[in-house]
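Me: I would like to go through the labels attached to this model and see which value stands behind each one. Please take them one at a time.

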Amino acid sequence: MISPEKKAFIEFMMDADVLRFGQFTTKSGRLSPYFVNTGNYRTGAQINALGGFYAALVKETCGGDFDAMFGPAYKGIPLATTTAAALAREYGIDKPYFFNRKEAKDHGEGGSLVGYKPQDGDRVIIIEDVITAGTAVRESMPILQSAAAVTVKDMFISVDRCEVGTTPGKTAVMEVKEQFGIDVHAIVTAKDIHDYLAQSDQFSDVLPLMEQYMEQYCVF
């Protein structure tokens with residue numbers, strides 16, 4: 001059974017046309033029966049609600065036991081911003097946030113980071129949209145570690161597709177944990193989406209395709 005909170009998030013993504021069902025070719029070349037495009041969030045109400053979902057997961061996972069949150073450019077920028085706002089608004093957890101530029105600025109204050117300046121010993125959490133191959137983490141860690149001696153133990157994403165990564169038998173999330181020691185927490189997983197589809201006859205055509213895809217590519 002899927003929880004009411006996960007059900008609400010899946011329907012929120014569907015209403016925003018972020019979660020779609022059909023035939024899609026992923027970056028890895030796989031033919032997927034579903035696709036998640038967080039770039040389709042485009043209104044104030046949507047980003048406000050999205051921050052609430054992320055903030056609830058952060059609060060549940062680590063409370064206020066961290067020093068700052070980092071949003072990798074580009075999609076992580078609005079995510080970290082709205083999560084910071086929701087944490088302060090909903091839970092009284094007022095934490096700084098920061099993000100990176102794709103190209104370092106050589107005038108004004110300069111540098112590649114915008115917002116909070118990390119300090120040695122800071123515990124930083126990463127706010128991102130999805131993990132496909134773990135590329136964002138591999139790009140983010142050198143940026144963070146060159147800024148200060150920070151530790152990163154947790155990362156928060158919208159959807160864990162649970163798909164095998166570059167190592168047979170391991171998902172990208174498993175690889176991130178193994179390589180960097182980072183626990184990745186998703187608001188929903190591929191299994192949650194499957195369980196949601198299974199609850200309604202409306203998706204009887206999509207469900208077998210989802211199950212076939214999961215059997216072929218997913219690791220749980």
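**Labels and the values behind them**

Reply: Tyrosine 116 has a relative accessibility of 22% and counts as partly exposed. The model is a predicted one.

Me: Why is tyrosine 116 called partly exposed?

Reply: Buried requires under 20% and exposed requires over 50%. The value for tyrosine 116 is 22%, so partly exposed is the label that applies.

Me: What makes phenylalanine 98 buried?

Reply: Its relative accessible area is 0%. The limit is under 20%, so phenylalanine 98 is buried.

Me: And phenylalanine 12 and tyrosine 41: why are they given the label they have?

Reply: Phenylalanine 12 has a relative accessible area of 13%, and tyrosine 41 has a relative accessibility of 13%. Each value is under 20%, so both residues count as buried.

Me: Why is the pair of phenylalanine 98 and tyrosine 116 called tilted?

Reply: A pair of aromatic rings is described by the distance of the centres and the angle of the planes. For phenylalanine 98 and tyrosine 116 the centres are 6.1 Å apart, which is within 6.5 Å, so the rings pair. Their planes stand at 55 degrees; stacked needs under 30 and edge-to-face over 60, so the pair is tilted. The pair links distant parts of the chain, with phenylalanine 98 in strand 4 and tyrosine 116 in the loop between strand 5 and strand 6, 18 residues apart.

Me: How many aromatic pairs are there by this rule?

Reply: The count comes to ten. In the pair of phenylalanine 12 and tyrosine 41, the ring centres are 5.5 Å apart and the planes are at 20 degrees; that angle is under 30, so the pair is stacked. Phenylalanine 12 belongs to helix 1 and tyrosine 41 to the loop between strand 2 and helix 2, 29 residues apart. Both are members of one aromatic cluster, together with Phe9 and Phe53.

Me: How do you know that glutamate 128 has no salt bridge?

Reply: A salt bridge needs a side-chain nitrogen of Lys or Arg within 4 Å of a carboxyl oxygen. For glutamate 128 the nearest side chain of opposite charge is lysine 75, at 7.8 Å, so the criterion is not met. Glutamate 128 is nevertheless buried. This residue lies in the loop between strand 6 and strand 7, and its contacts beyond four places in sequence include Tyr54, Pro72, Lys75 and Phe156.

Me: What makes valine 206 buried?

Reply: Its relative accessibility is 11%, under the 20% limit, so valine 206 counts as buried. Valine 206 sits in the loop between helix 6 and helix 7. Beyond four places in sequence, valine 206 touches Phe21, Pro33 and Leu197. Its C-alpha atom is 8.7 Å from that of tyrosine 34, although the two residues are 172 apart along the chain.

Me: Why is helix 6 described as largely enclosed?

Reply: Seven of its nine residues are buried, so the rest of the structure largely encloses helix 6. Among the buried ones are Asp192, His194 and Tyr196. The cover over them includes helix 1, strand 1, strand 2, strand 8, strand 9 and helix 7.

Me: What makes strand 8 and strand 9 a pair?

Reply: At least two bridges are required. Strand 8 and strand 9 run parallel and are joined by six, so they pair. Within this pairing, phenylalanine 156 stands opposite histidine 185. With helix 5, the two strands make a right-handed β-α-β unit. Strand 9 is also largely enclosed, because five of its seven residues are buried.

How values were computed:
Residues are numbered from 1 along each chain as its sequence is written. This is a predicted model: local features need pLDDT of at least 70, side-chain atom pairs count only at pLDDT 80 or more; totals for chains, interfaces and linings use all residues. Side-chain values use heavy atoms; hydrogens and water are left out. Buried means under 20% relative accessible area, exposed over 50%, partly exposed in between (1.4 Å probe, protein chains only). Helices (H or I, at least four residues) and strands (E, at least two) are DSSP runs, numbered from the N terminus. A crossover is right-handed if, with the strands pointing away from the viewer, the path from the first strand over the helix to the second runs clockwise. Contact means heavy atoms within 4.5 Å. Lys and Arg count as positive and Asp and Glu as negative; His and the chain ends are not counted. Rings of Phe, Tyr and Trp (its six-membered ring) pair if their centres lie within 6.5 Å; planes under 30 degrees apart count as stacked, over 60 as edge-to-face and the rest as tilted.
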